[in-house]
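Colleague: I'm new to this one and would like a close look at a single part of it. Could you pick a spot on the outside and walk me through it, then show me how the rest of the chain relates to it?

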Amino acid sequence: MVIPQDMRDEMQIRKKDEVSIIMRGEEIRIRKTENFCIACYETENLIKYQNKYICQDCIANIKKL
């Protein structure tokens, strides 16, 4: 898959940077690889669990179940 140069520049994606491709419903999202919540894809307030990350909000929502 080729990401146009202007988009790579805007996302600050450089040669050899890893990207994540995420399907959400009928959408395909491409983002520079970083730590993100496995449930909602948030990148802040994360807790690492078994080499995966989940955000505080999702943890709170799971506790309510």
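**A nonpolar patch and its surroundings**

Modeller: Let's start with Ile 28, which counts as exposed because its relative accessibility is 57%, and the cut-off for that word is over 50%. Keep in mind that this is a predicted model. Ile 28 sits in strand E2, which covers residues 27–32.

Ile 28 has company, too. Together with Met 1, Val 19, Ile 21 and Met 23, Ile 28 makes up a nonpolar patch on the surface. Added together, these five side chains' residues offer about 580 Å² of accessible area. Which strand gives the most to the patch? That's strand E1, residues 19–24, with three residues.

Now step back along the chain from E1. Between helix H1 (5–11) and E1 there's a loop, and Gln 12 lies in it. Gln 12 is worth a glance: its phi is positive, about 55 degrees, even though Gln 12 isn't a glycine. Most residues other than glycine have a negative phi. Gln 12 is also exposed, because its relative accessible area is 51%.

Next, go the other way, past E2. In the loop between E2 and E3 you'll find Cys 40. Is Cys 40 buried or partly exposed? Cys 40 is partly exposed, since its relative accessible area is 30%. Leaving aside residues up to four places away in sequence, Cys 40 touches Arg 24, Cys 55 and Cys 58. Arg 14 is another matter: 26 residues separate Arg 14 and Cys 40 along the chain, and their C-alpha atoms are 25 Å apart.

That loop leads on to a hairpin. Strand E3 (residues 46–49) and strand E4 (residues 52–55) pair in the antiparallel sense, over four bridges. For one partnership to look up in the picture, try Lys 48, whose bridge partner in E4 is Tyr 53.

Two residues lie between the hairpin strands. In that turn, Gln 50 has a positive phi of about 50 degrees. Asn 51, also in the loop between E3 and E4, has a positive phi of about 65 degrees although it isn't a glycine. And Asn 51 counts as exposed, because its relative accessibility is 64%.

So that's the tour, from the nonpolar patch with Ile 28 in it to the hairpin formed by E3 and E4.

Key: Residues numbered from 1 in each chain as written. Predicted model: local features only at pLDDT ≥ 70, side-chain atom pairs only at ≥ 80, totals over all residues. Heavy atoms only, no water. Patch = residues over 30% accessible without salt bridge, like charges linked within 9 Å, V, L, I, M, F, W, Y side chains within 5 Å. Areas by Shrake-Rupley, 256 points an atom, 1.4 Å probe, with all protein chains shown as cover. Salt bridge = Lys/Arg side-chain N within 4 Å of Asp/Glu carboxyl O. Buried < 20%, exposed > 50% of the residue type's maximum accessible area, 1.4 Å probe, protein only. Pairing = 2+ DSSP bridges. Contact = heavy atoms within 4.5 Å.
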